[in-house]
Amino acid sequence: MTQTVNDDSTERSGIAVLIATSLTLFSMFFGAGNLIFPPIMGASAGTNLTPAMIGFLIGGVALPVISIITIALSGTDIRDLVSRAGKPFGLVFSVMVYLSIGAFYALPRTGAVSFSTAVAPIIGTKSLTASIIFSFIFFAIAFYLCWNPGHIIDALGKVLTPILLGLLVLLVFLCLASLPASHDAPTGEYTASPLAAGLLEGYMTMDSIAALAFGIIVVTSLGHTGGGIGAKVVRRTSTAAIIAGSLLGVVYVGLGLIGHVIPNAQSYSDGATLLADAAQMTMGWPGQIVFGLIVLTACMTTAVGLIAATSEFFHRLLPQVSYRAWMIVFTIISFALSSAGLSSVLAIAVPIITFLYPVAITVVFVTIITHPMRLATSALWTFRLSAWMAAAWSAATTLAHVGVATDAFNSVLMLSPLQANQLGWIAPTVIAAMIGACVDLAVMKRSAT
């Protein structure tokens with residue numbers, strides 16, 4: 001009898017941890033960009049909202065979920081995962097990922113967006129002094145929440161995320177209940193290829209890259225809270241990723257519908273203004289407070305996740321520097337950049353992120369395909385050639401985009417299908433993977449004989 005009670009208690013505890021972990025993962029993904037992309041997409045897609053939303057969910061939900069599962073399967077962080085393409089490749093790529101989504105771009109952006117979108121409209125000023133004071137408070141709170149990584153699930157999954165979800169549900173419900181349906185014609189790329197356009201919007205949420213950083217936190221948290229090791233952690237991590245992805249999908253659909261129904265939707269140039277006006281229309285002046293709280297909560301949860309993930313990675317990279325020392329470094333850098341402005345940082349960071357995405361997606365899918373077939377160790381050249389090709393093609397595309405030998409690069413790049421849609425890397429990467437698979441098969445046959 002006692003054993004049965006203990007088993008029931010353990011099972012309930014495991015379910016509670018799983019739910020909290022799922023909410024934590026959702027909150028880490030759902031930042032300011034995730035909040036403002038769907039409504040402006042809903043406005044631009046018009047009557048083509050359905051295919052556009054399907055594309056967005058593939059890029060903004062399916063890919064991040066698959067990336068989390070990939071980290072769980074590998075059981076380690078992004079550096080070890082990508083090092084199958086060579087240790088220098090894995091080191092450089094992983095450092096670029098963590099710096100670009102961390103202290104040199106996404107982290108300071110959480111503070112800057114919170115101030116300009118949620119706070120400045122209420123206090124009526126965007127002065128440097130106000131920005132510095134707000135950024136100090138914002139990152140001090142984020143720093144405090146990250147101080148003990150074992151408490152991150154409690155801080156995010158049990159407190160901040162329910163608040164965020166409650167506010168989002170309130171905003172979506174009131175907008176859909178009170179605003180008239182729109183029948184606007186689609187604009188721009190949503191006219192001819194809405195699914196591809198939506199896919200690119202979801203692709204640019206950066207969540208597929210962020211998932212490679214957040215995944216190890218989820219695996220570690222489940223392993224430290226009774227989740228066990230091995231297949232059990234993989235199963236629980238995968239379940240948490242699917243639950244978090246489902247929540248993201250529901251929220252994205254709701255936000256996209258807000259952009260679809262708000263009057264004069266296509267007069268808006270950004271999702272933040274659209275949502276702020278939607279909140280004002282449905283709730284009056286309290287709507288501005290509600291929208292501000294949504295932005296603050298979304299940015300805070302993302303900031304906590306990024307500080308923890310980045311500090312954990314660099315501590316694993318350089319164990320002689322403690323997790324908390326890295327926290328201090330990255331928090332100070334983020335505070336400084338957030339206070340001073342992000343214009344110069346964005347000019348550098350965006351091309352880097354554009355370069356990283358194809359490589360990240362390639363690594364994820366090759367790992368997913370080879371792991372179930374127990375080919376993770378034997379499919380060496382499949383992994384290497386595909387990763388190298390994705391990196392080379394992406395580097396050439398990025399250089400052409402920033403004006404380096406544009407004509408020379410484009411004369412080759414435009415030979416690939418979908419290059420005009422920023423997906424030209426797919427075809428050459430698949431071909432490289434196939435060549436690598438042939439090499440791997442030849443090596444396997446030679447070893448067998």
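Author: The bend at a residue is the angle between two fitted axes, one through the seven residues ending there and one through the seven starting there. The model is predicted: local features need pLDDT of at least 70, side-chain atom pairs count only at pLDDT 80 or more, and totals for chains, interfaces and linings use all residues. Residues are numbered from 1 along each chain as its sequence is written, and side-chain values use heavy atoms, with hydrogens and water left out.

Reader: By what angle does α6 bend at F115?

Author: The angle between the two axes at F115 is about 35°.

Reader: Why is α6 called a helix, and how do you know what span to expect of it?

Author: A helix is a DSSP run of H or I with at least four residues, a strand is a run of E with at least two, and both are numbered from the N terminus. Residues 106-123 give α6 its 18 residues. The expected span is 1.5 Å times one less than the number of residues, which comes to 26 Å for α6; the helix reaches 24 Å from its first C-alpha to its last, close to that value. Just after α6, G124 has a positive phi of about 80°.

Reader: How many helices and strands does the protein chain have?

Author: The chain has 18 helices and 0 strands.

Reader: Why is S22 classed as it is, buried or exposed?

Author: Buried means under 20% relative accessible area, exposed means over 50%, and partly exposed lies in between (1.4 Å probe, protein chains only). S22 has a relative accessible area of 1%, so it is buried. S22 belongs to helix α1 (residues 2-29). Contact means heavy atoms within 4.5 Å; not counting residues up to four places away in sequence, S22 touches A240, I243 and A244.

Reader: What makes C175 count as buried?

Author: Its relative accessibility is 0%, so C175 counts as buried. C175 lies in helix α8 (residues 152-178) and touches I258, V261, A278 and T282, not counting residues up to four places away in sequence. The C-alpha atoms of C175 and V261 are 8.0 Å apart, although 86 residues separate the two along the chain.

Reader: Which residues of α6 are buried, and what covers them?

Author: The buried residues of α6 include L107, G111, F115 and A118. Their cover includes α5 (87-101), α7 (128-146), α13 (285-317) and α14 (323-340).

Reader: Why is I123 called partly exposed?

Author: At 46% relative accessible area, I123 falls between the two cut-offs and is therefore partly exposed. I123 is found in α6.

Reader: What makes I122, I123, W285, I289 and L293 a nonpolar patch?

Author: Patches consist of residues with over 30% relative accessible area and no salt bridge; nonpolar side chains (Val, Leu, Ile, Met, Phe, Trp, Tyr) are joined within 5 Å, and like charges within 9 Å. A salt bridge is a side-chain nitrogen of Lys or Arg within 4 Å of a carboxyl oxygen of Asp or Glu. The five named residues together have about 510 Å² of accessible area, a quantity from the Shrake-Rupley method with a 1.4 Å probe, where for residues only the protein chains shown count as cover. Helices α6 and α13 each supply at least two residues, and α13 gives the most, with 3.

Reader: What is notable about the phi of A405 and of L418?

Author: Most residues other than glycine have a negative phi. The phi of A405 is positive, near 50°, and that of L418 is also positive, about 70°. A405 lies in the loop between α16 (380-401) and α17 (406-413), and L418 in the loop between α17 and α18 (426-448).
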